[in-house]
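Colleague: Could you take me closely through one part of this predicted model, the sheet with the helices that pack around it, and then turn to the enclosed spaces?

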Amino acid sequence: MKRTVPIGLLFSTDGVYGRIGAACRTGALEAVARVNADPARRVAFAVVERDPGGVLDNYAPLCAELLRSDGLRHIVGCVTSSSRKEVIPTLDRHGGTLWYTAPYEGFEASDRVVYLHACPNQHLLPLLDWAFATQGRRGYLTGSNYIWGWEMNRLARQTITAAEGQIAGERYLPLGSVDVGQMIDEIRQTMPDFILNSLIGPSSHAFLSAYADLGASDARFAPDRCPVLSCNLTECELPDLGHAAEGLIAAGPYFDTGAAAFASSFAAAADLAIRTLADLLDAPGQEGKDMTALLDTDAGRASGIDPQTHHVPQRALIARVRDGAFAVLRDFGLRRGDPYLSAGWTEPAPAGASPVLRVVS
């Protein structure tokens with residue numbers, strides 16, 4: 001007989017991040033079904049779901065509600081840094097763990113979070129390495145006006161400057177805004193070598209559509225001359241973008257190139273979360289242990305989760321959208337998660353390096 005362990009899902013499936021939340025949720029539910037159907041597993045999961053509806057203020061109370069469920073200590077959820085930071089104090093109070101399955105901007109290592117997607121040394125720095133070698137070192141930075149855009153562009157600005165490049169311009173939009181005209185005008189005037197797009201949701205879609213129109217009317221802004229780069233755009237948004245995504249360059253740990261097992265890196269990360277959690281809880285008596293204790297087991301040591309930072313190694317892939325799908329251009333290999341860039345700005349983290357700081361703000 002399998003032991004049944006409750007786990008929470010905390011994803012918004014509508015609002016600005018609805019596509020991403022739905023992709024993570026689907027990946028998690030499919031992984032739960034595989035774990036529950038596996039006769040070799042001694043644990044099965046009972047899913048308890050809450051949907052914050054894209055409203056930031058809903059995350060903490062719904063997280064608390066999940067953790068008040070009998071025996072529930074693990075939640076797979078959140079797709080934004082703002083929502084993740086909202087729930088960490090609640091996780092601290094209730095002794096819970098969040099399994100976070102979206103890319104983020106780094107500079108965090110909470111004992112209450114396991115980071116299953118890429119951080120900057122696994123996405124942004126390889127992406128800029130690729131751009132410097134193939135396009136040039138003059139970048140235009142866009143971003144949504146919240147922590148992802150601020151931090152990604154801060155890191156990009158520092159990296160470009162350190163490489164003796166130039167920032168052609170930098171502009172932000174409020175979350176959900178589609179007023180991209182000024183960005184497009186500035187790009188036309190400044191003629192950068194590439195654009196780093198840290199916009200999200202409808203803002204990103206509107207920008208990419210307007211930029212595709214610019215490229216169609218002016219060859220200087222065609223994708224092969226001045227591409228748009230992204231660290232957070234995946235397959236789940238391509239149907240909404242259509243032709244506007246053609247030529248876009250993205251960085252990530254996983255791409256569906258036609259023969260892959262998952263629809264996007266969000267689904268792949270959610271699957272990794274569920275499988276890893278099942279491995280950690282498969283032995284009897286593990287359910288009540290916190291992550292520190294779980295990682296100090298044979299299963300924990302085999303999991304690949306860094307016991308100090310709670311990040312996992314990821315492949316650093318660069319891919320281009322061609323004919324509506326991603327094609328991998330460059331594989332920088334497996335990189336250990338280095339959220340504080342302790343190994344520097346441009347080099348992969350050595351196996352023994354550990355970050356000095358462990359701060360959540």
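Modeller: A crossing of two helices is called right-handed if the near helix is turned clockwise from the far one by less than a right angle, and left-handed if anticlockwise. In this predicted model, α6 passes α7 in a right-handed crossing. The axes of α6, which covers residues 181-190, and of α7, which covers residues 202-217, come within 10 Å of each other and cross at roughly 40°. On the α6 side the contact is made by Met183, Ile184, Ile187 and Arg188, and these meet Phe207, Ala210, Tyr211 and Leu214 of α7. Sorted by character, the residues of this contact are 7 nonpolar and 1 charged, with no polar residue among them.

The sheet comes next. It is an open sheet of 7 strands with mixed pairing, and the strands follow the order β7-β6-β8-β9-β10-β11-β12. Its edges are formed by β7 (166-173) and β12 (325-335), each of which pairs on one side only. On average, and with direction ignored, neighbouring strands of the sheet are turned by 20° against each other. At the β7 end, β6 (residues 138-144) runs parallel to β7 and is joined to it by 7 bridges, and within this pairing arginine 138 of β6 has glutamine 166 of β7 as its bridge partner. The helix α6 described above packs on this sheet, where it touches β6, β7 and β8 (194-198), and the direction of α6 makes about 175° with that of β6.

As for enclosed space, a search of the whole structure finds 3 cavities of 30 Å³ or more. The largest cavity holds about 110 Å³ of space. It is lined by 13 residues, and of these Val79, Pro103, Tyr146, Ile200 and Asn232 lie nearest its centre. The lining of the largest cavity divides into 10 nonpolar and 3 polar residues, with no charged residue.

The second largest cavity has a volume of about 50 Å³. Its lining includes Pro103 and Asn232, two residues that also lie nearest the centre of the largest cavity. Further lining residues of the second largest cavity are His117, Cys231, Leu233, Thr234, Ala251, Gly252, Tyr254, Phe255 and Ser265. By character, the lining of the second largest cavity consists of 6 nonpolar and 5 polar residues, and again no charged residue takes part.

Technical notes: Residues numbered from 1 in each chain as written. Predicted model: local features only at pLDDT ≥ 70, side-chain atom pairs only at ≥ 80, totals over all residues. Heavy atoms only, no water. Axes fitted to C-alpha atoms, helices over the stretch in contact; angles between N-to-C directions. Helix = DSSP H or I, 4+ residues; strand = E, 2+ residues; numbered from the N terminus. Contact = heavy atoms within 4.5 Å. Nonpolar A, V, L, I, M, F, W, Y, C, P; charged D, E, K, R; others polar. 1 Å grid on protein atoms, 1.4 Å probe; cavity = no way out; pocket = protein on both sides within 12 Å on 5 of 7 lines; lining within 4 Å. Points joined across faces, edges and corners; volume = space filled by probe spheres on them. Pairing = 2+ DSSP bridges.
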